[in-house]
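Reader: I'd like to go through this one by its buried spots, cores, cavities and pockets. Can you take me around?

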Amino acid sequence: ERLAEEVMLYTYAILNSKLFRSEFQQFLCNDFPHIPLSKSDKVTRELIDCGRRLERIHTRATLHSSDSTNEYFGGDAIVGRVSYYEDRLFINDEISAGFTGVSHDMWNFYVGSYRVCEKWFEPLRGTNLSQNSKGLAQLVLHSIRETLNIVAQIYHVISSNEELLNT
């Protein structure tokens, strides 16, 4: 059972690697992905650890709105057009409400063809952003930030181990 979990976590880390996705782009579109295996136990353990942390973040097992550094500003706001300018995510047409501390990388974080920062607010258009929704948005932003940090670690692990890209 532990081996199956570790295989899944290793695979999850590899699939979240920008290096892997760019190197094997053509195969990912047409076939099941080929998951390169490391010959190094240290590299394997590091990738399993990264996969475990990603899995916890993506299932919200380790997140709390109090962890977020993205403060809401602007009082009551009807959700409208979502936009970004100078580390601020705006959630209304008037550009008067939103969240601080949103980096350019966070704004440009995609899952598939969807920019997460825009897609998350889509069902809320035309509604007043509730306190609960503000907290959930902070969790999403925190999840993106943590994901980017872990993906950077995965990049470092894989880029310093050429064998993973040459299989």
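Author: Sure, and keep in mind that this is a predicted model. Let's begin with a polar residue in a loop.

Reader: Does N16 count as buried or exposed?

Author: N16 sits in the loop between helix 1 and helix 2. Its relative accessibility is 15%, and buried means under 20%, so N16 counts as buried.

Reader: And which residues is N16 in contact with, once its neighbours within four places in sequence are left aside?

Author: We're still in the loop between helix 1 and helix 2 here. With those sequence neighbours set aside, the contacts of N16 are R21, L54, H58, V151 and I154.

Reader: On to the nonpolar side. Which element supplies the largest share of the largest nonpolar core?

Author: That core has 23 residues, and those with the most contacts inside it include L89, F99, F121 and I144. Helix 5 (104-107), helix 6 (116-119) and helix 7 each supply at least two of its residues. The largest share, five residues, comes from helix 7.

Reader: What does L89 touch, leaving aside neighbours within four places in sequence?

Author: L89 is among the residues with the most contacts inside the largest nonpolar core. Beyond its sequence neighbours, L89 is in contact with F73, V82, S83, A97, G98, F99, V102, W107, C117, F121 and L141.

Reader: How many residues are in the other core that lies apart from it?

Author: Among the members of this other core are A13, F20, F24 and I57. It lies apart from the largest one, and its residue count is 17.

Reader: How many disulfides does a search of the whole structure find?

Author: Take two cysteines to start with: C50 is buried, with a relative accessible area of 3%, and C117 is buried too, at 2%. A disulfide would need a pair of cysteine sulfur atoms within 2.5 Å. Searching the whole structure for such pairs, the number found is zero.

Reader: What about enclosed space: how do the lining residues of the largest cavity divide into nonpolar, polar and charged?

Author: The search finds one cavity of 30 Å³ or more, and the volume of the largest cavity is about 30 Å³. Its lining is made of L89, V116, C117, W120, F121, A137, V140 and L141, with helix 6 and helix 7 each giving two or more residues. By class, that lining comes to no charged, no polar and eight nonpolar.

Reader: Now the pockets. Which element gives the most to the lining of the largest pocket?

Author: This pocket has a volume of about 680 Å³, and of its 23 lining residues F109, Y110, V111, V116 and T147 lie nearest the centre. Helix 1 (2-15), helix 2 (18-23), helix 4 (41-58), strand 5 (110-111) and helix 7 (131-159) each supply at least two lining residues. The lining divides into twelve nonpolar, seven polar and four charged. With six residues, the top contributor is helix 7.

Reader: And which element gives the most to the lining of the second largest pocket?

Author: That pocket's volume is about 180 Å³, and its lining consists of L3, E6, V7, Y10, T11, L37, S38, T44, R45 and I48. These divide into five nonpolar, three polar and two charged. Helix 1 and helix 4 each supply at least two of them. The one giving the most, with five residues, is helix 1.

Terms used
Residues numbered from 1 in each chain as written. Predicted model: local features only at pLDDT ≥ 70, side-chain atom pairs only at ≥ 80, totals over all residues. Heavy atoms only, no water. 1 Å grid on protein atoms, 1.4 Å probe; cavity = no way out; pocket = protein on both sides within 12 Å on 5 of 7 lines; lining within 4 Å. Points joined across faces, edges and corners; volume = space filled by probe spheres on them. Helix = DSSP H or I, 4+ residues; strand = E, 2+ residues; numbered from the N terminus. Nonpolar A, V, L, I, M, F, W, Y, C, P; charged D, E, K, R; others polar. Core = buried A, V, L, I, M, F, W, Y, C linked by side-chain atoms within 4.5 Å. Buried < 20%, exposed > 50% of the residue type's maximum accessible area, 1.4 Å probe, protein only. Contact = heavy atoms within 4.5 Å.
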